[in-house]
Amino acid sequence: MTEDGRYLVTTVGAGRGSKVQIMIKDLGEPYGMPRTIISGFENEYDLAGSDGTVLYFKTDVDAPRRRLVAIDVTKPERANWREVIPQTPDALGRVSYVGGNFVAQYLTMSSTPDVQLFYGRSDVPSRLLSLESSVDASKIELPRVLSGID
């Protein structure tokens, strides 16, 4: 479900692979039926966020290292998709839509065996402004997990 509660977004898989179709149900239409907005079981799609009728998906369509696209559910044909974060030489990992901004995590192989995390931020859904920092994942301090046993 989208964060605003407007759409129920369902991924439909065929078999054991990660290639899916996407169906949506507008929860504001009580008698409306679910409809397929992406068909074919040809690519991967991971919902990253929404803004009104626009859904943002991380996908491997024309981008083996992933990119972020905007799909307006009122005109979901591929010709109408808008690229928000293009594919880069590094693999696009997790993407979050927070407070109108995208936060993107990139995975890359560096000269050291450590995985590097790159975070970018966008102030508008039409472009990624910049990769702001590189963080050595082995040096990230995580909060201590509290339990009743401590």
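**Close-up views of strands, salt bridges and a pocket**

**View 1. Asp60 is buried, with a relative accessibility of 11%.** Here, buried means under 20% relative accessible area, exposed means over 50%, and partly exposed lies in between, for a 1.4 Å probe and protein chains only. Welcome to this structure, a predicted model in which local features need pLDDT of at least 70 and side-chain atom pairs count only at pLDDT 80 or more, while totals for chains, interfaces and linings use all residues. Residues are numbered from 1 along each chain as its sequence is written, and side-chain values use heavy atoms, with hydrogens and water left out. Which residue meets the side chain of Asp60 in a salt bridge? Its partner is Lys19, at 3.1 Å from N to O. This pair links distant parts of the chain, 41 residues apart: Asp60 belongs to the loop between strand E5 (54-59) and strand E6 (67-72), and Lys19 to the loop between E1 and E2. Lys19 is partly exposed, with a relative accessibility of 31%. A salt bridge here is a side-chain nitrogen of Lys or Arg within 4 Å of a carboxyl oxygen of Asp or Glu. Strands (E, at least two residues) are DSSP runs, numbered from the N terminus.

**View 2. Asp62 and Arg66 share the loop between E5 and E6.** At Asp62, phi is near 55°, a positive value in a residue other than glycine. Is Asp62 buried or exposed? With a relative accessibility of 65%, Asp62 counts as exposed. Arg66 also has a positive phi, near 80°, and is likewise a residue other than glycine.

**View 3. Arg67 and Glu83 form a salt bridge.** Their closest N and O atoms are 2.9 Å apart. Arg67 sits in strand E6 and Glu83 in strand E7 (residues 82-85), so the pair ties together parts that are 16 residues apart in sequence. Arg67 is buried at 13% relative accessibility, whereas Glu83 is partly exposed, with a relative accessible area of 38%.

**View 4. Three strands make an open sheet in the order E1-E2-E3.** The pairing in this sheet is antiparallel. Which strands form the edges? They are strand E1 (7-13) and strand E3 (35-43), each pairing on one side only. Two strands count as paired if DSSP finds at least two bridges between them. E1 and strand E2 (residues 20-26) are joined by seven bridges in the antiparallel sense. Along this pairing, Thr10 faces Met23 of E2, and Tyr7 stands opposite Asp26 of E2. When you look along any regular strand, remember that side chains alternate between the two faces of the sheet.

**View 5. A hairpin turn connects E1 and E2.** How many residues lie between the two strands of this hairpin? There are six, and Gly15 in the turn has a positive phi of about 85°.

**View 6. Asp26 and Arg6 meet through their side chains in a salt bridge.** The N to O distance of this pair is 3.6 Å. Asp26 is part of strand E2 and Arg6 of the segment before E1, so the bridge ties together parts that are 20 residues apart in sequence. Asp26 is buried, at 15% relative accessibility, whereas Arg6 is partly exposed, with a relative accessible area of 33%. Glu29 can also be found in this view, in the loop between E2 and E3. Its relative accessibility of 44% makes Glu29 partly exposed. The C-alpha atoms of Glu29 and Arg6 are separated by 9.4 Å, and the two residues are 23 residues apart along the chain. In total, the structure holds four salt bridges.

**View 7. The largest pocket has a lining that includes Met1, Leu47 and Tyr97.** Others in the lining are Thr2, Glu3, Asp4, Ala48, Gly49, Ser50, Val98, Gly99 and Gly100. Strand E4 (45-51) and strand E8 (91-98) are the elements that give two or more residues to this lining. Which strand gives the most? That is E4, with four residues. A pocket is an open set of points on a 1 Å grid over the protein atoms alone, where a 1.4 Å probe fits and protein lies on both sides within 12 Å along at least five of seven lines; lining residues have an atom within 4 Å of a point. The volume of the largest pocket is about 150 Å³, counted as the space filled by probe spheres set on grid points joined across faces, edges and corners.
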